[in-house]
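Here are my notes on the model you sent round, written as numbered points so you can reply to them one by one. Have the structure open while you read.

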Amino acid sequence: MHSWKAGYVNELYLLLYRKKVGIFGAVSILLPVLFAVSLQALEPVLGLLVVGGSFPIQMLGFYTALWIPLFILTLTGDQFPHEVASRTLKLAFLRPNTRFHIFTAKVAAQGTAVAVLLMLLFVVTLLCAMFTGAPLGLAEGLSAAKAYAAAFASMLALSAVFVFAAQFFKSASGFVVFGIALYAAAKLAPFFVQSFPAFSPVSYTDWHLLWLNDGVPAGRRITASLFLLSSSLLFFAFGYYKFDRKEV
């Protein structure tokens with residue numbers, strides 16, 4: 001357990017010192033601020049309050065559809081294909097860690113980074129809504145917190161898919177290009193195959209909306225939760241199986 005914890009902390013430090021992570025963090029702070037300022041400037045033209053108490057949830061739809069998947073793709077490319085190409089993954093095998101410890105430490109570090117990014121986005125959007133004078137009560141704040149917590153579960157499932165796909169690549173750039181194409185194809189597939197969303201965790205990037213709609217039956221929420229959980233475990237197991245047999 002001590003060796004796994006050391007590996008996990010090491011992975012967190014590696015993420016922390018990557019310039020890409022810092023850039024994503026900085027842009028994540030600027031994006032909602034720019035959106036809020038722009039919408040506030042358009043308020044006299046539109047004649048209504050465009051930045052309301054639902055601003056954090058409105059922004060979450062953009063985050064989970066584009067911004068966080070791109071963040072996960074970047075992290076996955078650096079953690080797996082890039083380390084294989086640069087041969088730094090071999091260094092991890094020199095420590096008294098099993099491949100399972102190394103793999104789970106990387107996945108856990110990535111999940112922690114996604115959680116921190118979501119918390120950062122939640123706080124910034126909440127502050128933007130407050131400073132623009134939007135009526136934001138305790139109920140709206142709790143609702144937004146619930147939506148961001150639900151979004152974390154769907155992003156974990158998406159992360160498991162990308163981690164599995166990354167095991168087939170030895171180039172970070174090649175994986176990122178493939179990941180973007182795969183994600184776009186999975187998003188477009190429901191327009192051609194109506195039953196596709198029922199079998200694709202990519203279709204659940206807006207899963208947080210189910211938890212905001214009181215009219216959604218509890219059975220549907222439970223079914224969706226079990227699907228996301230099973231998808232995460234399945235792709236995690238496939239990813240580890242491929243990682244365990246990878247030559248580095």
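1. Let's start with an easy one: in which helix is Phe 235 found? It sits in helix H9, which covers residues 218–244. Setting aside its neighbours within four places in sequence, Phe 235 is in contact with Ala 160, Val 161, Phe 164 and Pro 201. Have a look at Ala 157 too: it is 78 residues away from Phe 235 along the chain, and the two C-alpha atoms are separated by 8.2 Å.

2. Before going further, remember that this is a predicted model. The pLDDT averages 84 over the protein, and 91% of the residues score at least 70. Among the elements, helix H8 (residues 172–188) has the highest mean pLDDT, 92, and helix H5 (residues 89–94) has the lowest, 72. As a general caution, predicted coordinates should not be read in detail where pLDDT is low.

3. Back to H9, and its packing with helix H7 (residues 138–166). The two pack at an angle of about 20°, with their axes 8 Å apart. That makes H7 roughly parallel to H9, since angles under 35 degrees count that way. The crossing of H7 past H9 is left-handed. On the H7 side the contact is made by Ser 154, Leu 156, Ala 157, Ala 160, Val 161 and Phe 164, and on the H9 side by Leu 228, Ser 232, Phe 235, Phe 236, Phe 238 and Gly 239. Sorted by class, this contact of H7 with H9 has 9 nonpolar and 3 polar residues, and no charged ones.

4. One of the H7 residues in that contact, Ser 154, deserves a closer look. Is Ser 154 buried or exposed? Its relative accessibility is 1%, so Ser 154 counts as buried. Not counting residues up to four places away in sequence, Ser 154 touches Tyr 204, Thr 205, Trp 207 and Leu 228.

5. Next, helix H6 (residues 99–131) against H7. How do their axes run? The axes of H6 and H7 come within 10 Å and cross at roughly 150°. Because angles over 145 degrees count as roughly antiparallel, that is the label for H6 and H7. H6 passes H7 in a right-handed crossing. The H6 residues here include Phe 103, Val 107, Val 114, Leu 118 and Leu 121, and they meet a set in H7 that includes Tyr 148, Phe 152, Met 155 and Leu 156. By class, the residues of the contact of H6 with H7 divide into 15 nonpolar, 5 polar and no charged.

6. H6 also meets H9. Their axes come within 10 Å and cross at roughly 130°, and that makes H6 oblique to H9. This crossing is right-handed. From H6, the residues involved are Arg 99, Phe 100, Ile 102, Phe 103, Thr 104 and Val 107; from H9, they are Phe 236, Gly 239, Tyr 240, Phe 243 and Asp 244. The class count for the contact of H6 with H9 is 7 nonpolar, 2 polar and 2 charged.

7. While you are on H6, find Ala 108, which has its place in that helix. Ala 108 has a relative accessible area of 26%, so it is partly exposed. What does Ala 108 touch, not counting residues up to four places away in sequence? The answer is Trp 4 and Tyr 8. From Ala 108 to Phe 243 is 135 residues in sequence and 15 Å in space, C-alpha to C-alpha.

8. Last, two residues of helix H3 (residues 55–79). Ile 68 is found in H3 and is buried, with a relative accessible area of 0%. Not counting residues up to four places away in sequence, Ile 68 touches Tyr 63, Val 114, Leu 117, Leu 118, Leu 121 and Met 155. Val 114, Leu 118 and Leu 121 also turn up on the H6 side of the contact with H7, and Met 155 on the H7 side. Thr 74 lies in H3 as well; at 14% relative accessibility, Thr 74 counts as buried. Thr 74 touches Lys 20 and Phe 24, again not counting residues up to four places away in sequence.

Terms used
Residues are numbered from 1 along each chain as its sequence is written. This is a predicted model: local features need pLDDT of at least 70, side-chain atom pairs count only at pLDDT 80 or more; totals for chains, interfaces and linings use all residues. Side-chain values use heavy atoms; hydrogens and water are left out. Axes are lines fitted to C-alpha atoms, for helices over the stretch in contact, and angles run from 0 to 180 degrees between N-to-C directions. Helices (H or I, at least four residues) and strands (E, at least two) are DSSP runs, numbered from the N terminus. Angles under 35 degrees count as roughly parallel, over 145 as roughly antiparallel, 65 to 115 as roughly perpendicular and the rest as oblique. A crossing is left-handed if the near helix is turned anticlockwise from the far one by less than a right angle, and right-handed if clockwise. Contact means heavy atoms within 4.5 Å. Ala, Val, Leu, Ile, Met, Phe, Trp, Tyr, Cys and Pro count as nonpolar, Asp, Glu, Lys and Arg as charged, and the others, Gly among them, as polar. pLDDT is the predictor's confidence in each residue, from 0 to 100. Buried means under 20% relative accessible area, exposed over 50%, partly exposed in between (1.4 Å probe, protein chains only).
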